Amino acid sequence: MNNLIRFSPRTNLFGLQREIDDLFDHFVPTNRNSNAWVPSVDLIETEASFVLTLDVPGIPKDHLNITVKDSVLTIGGERTAPTTDEGTKRWRTERRFGQFERRFTLSKHVNTDAIEADYTDGVLTVTLPKVAEVAPREISIN
């Protein structure tokens with residue numbers, strides 16, 4: 001009697017990925033196991049503005065800061081690691097914690113005086129309004 005083993009490409013690929021990761025971890029030091037992290041960012045452009053959206057779950061609004069200086073928008077903050085009670089064992093931690101900072105060079109088309117930010121459900125949305133186009137004017141000669 002033959003035993004049949006069901007083939008699953010997904011399972012085999014995940015196992016191969018783990019083996020490759022382990023191989024690279026052995027020969028090439030990485031920060032995969034460090035607490036460093038950087039939130040993901042989306043950037044879209046509308047007719048009136050540019051909109052940056054950052055995923056920053058678990059960070060209170062007062063732990064985020066946004067500054068503009070010399071046409072550079074800087075968004076920073078800190079997500080603190082949860083504390084565990086004495087006698088509690090942590091078996092796995094995949095979430096990243098610590099400070100982060102993202103910098104974006106702004107074009108001359110951004111009205112830096114009108115930048116707005118909104119924070120809802122762990123998502124920070126920064127709206128960068130565009131400068132109104134100045135139409136050329138014709139100058140009459142006297």
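## The central strand pair

S2 and S7 run antiparallel to each other and are joined by seven bridges. This comes from a predicted model, so read the details below with that in mind. To pick out one rung of the ladder, Val 51 has Thr 127 in S7 as its bridge partner.

S2 covers residues 49-55, and it's mostly tucked away: five of its seven residues are buried. S7 takes in residues 123-129.

## Building out the sheet

What order do the four strands of the open sheet come in? Going across, it's S1-S2-S7-S6, with antiparallel pairing. S1 and S6 are the edge strands, and each has a single partner, so one side of each is left without a neighbour in the sheet. On average, neighbouring strands here are turned by 15° against each other, if you ignore direction.

Over on the S1 side, residues 41-45 make up the strand, and it pairs with S2 in the antiparallel sense through five bridges. Leu 43 faces Leu 52 in S2 across that pairing. The two strands form a hairpin, with three residues linking S1 to S2.

At the other edge, S6 (residues 116-120) is antiparallel to S7 and tied to it by five bridges. Two of the opposite pairs are worth finding on screen: Asp 118 stands across from Thr 125 in S7, and Ala 117 stands across from Val 126 in S7. This is a hairpin as well, with two residues between S6 and S7. Take a look at Asp 121 in that turn, which has a positive phi of about 50°.

## The nonpolar core

Which residues have the most contacts inside the largest nonpolar core? They are Leu 52, Val 56, Leu 73, Ile 75 and Leu 128, out of 16 residues in that core. At least two core residues come from each of S2, strand S4 (72-79), strand S5 (98-105) and S7.

Leu 128 is a handy one to click on. Setting aside neighbours within four places in sequence, Leu 128 is in contact with Ser 49, Phe 50, Leu 52, Leu 73, Leu 106, Val 110 and Ile 115. So two of the names on that list, Leu 52 and Leu 73, also turn up among the residues with the most contacts inside the core.

## Rings and charges

If you go hunting for aromatic pairs, the whole structure gives you zero. What you do get is charge over ring. Lys 130 lies over the face of Phe 50, at 5.1 Å from the ring centre. Arg 79 has its charged end over the ring of Phe 97, 5.7 Å from the centre.

## Just past S7

Val 131 sits in the segment after S7. Is Val 131 buried, exposed or something in between? Its relative accessible area is 41%, so it counts as partly exposed.

Leaving out neighbours within four places in sequence, the contacts of Val 131 are Lys 108, His 109, Val 110 and Asn 111. Val 110 is also in contact with Leu 128, so follow Val 110 if you want to step from this segment back to S7. Val 131 and Ala 48 are 83 residues apart along the chain, yet their C-alpha atoms are 8.4 Å apart in space.

Methods
Residues are numbered from 1 along each chain as its sequence is written. This is a predicted model: local features need pLDDT of at least 70, side-chain atom pairs count only at pLDDT 80 or more; totals for chains, interfaces and linings use all residues. Side-chain values use heavy atoms; hydrogens and water are left out. Buried means under 20% relative accessible area, exposed over 50%, partly exposed in between (1.4 Å probe, protein chains only). Contact means heavy atoms within 4.5 Å. Two strands pair if DSSP finds at least two bridges between them. A nonpolar core is a set of buried Ala, Val, Leu, Ile, Met, Phe, Trp, Tyr and Cys residues joined through side-chain atoms within 4.5 Å. Rings of Phe, Tyr and Trp (its six-membered ring) pair if their centres lie within 6.5 Å; planes under 30 degrees apart count as stacked, over 60 as edge-to-face and the rest as tilted. A charge sits over a ring if NZ of Lys or CZ of Arg is within 6 Å of the ring centre and within 35 degrees of the ring normal. Axes are lines fitted to C-alpha atoms, for helices over the stretch in contact, and angles run from 0 to 180 degrees between N-to-C directions.
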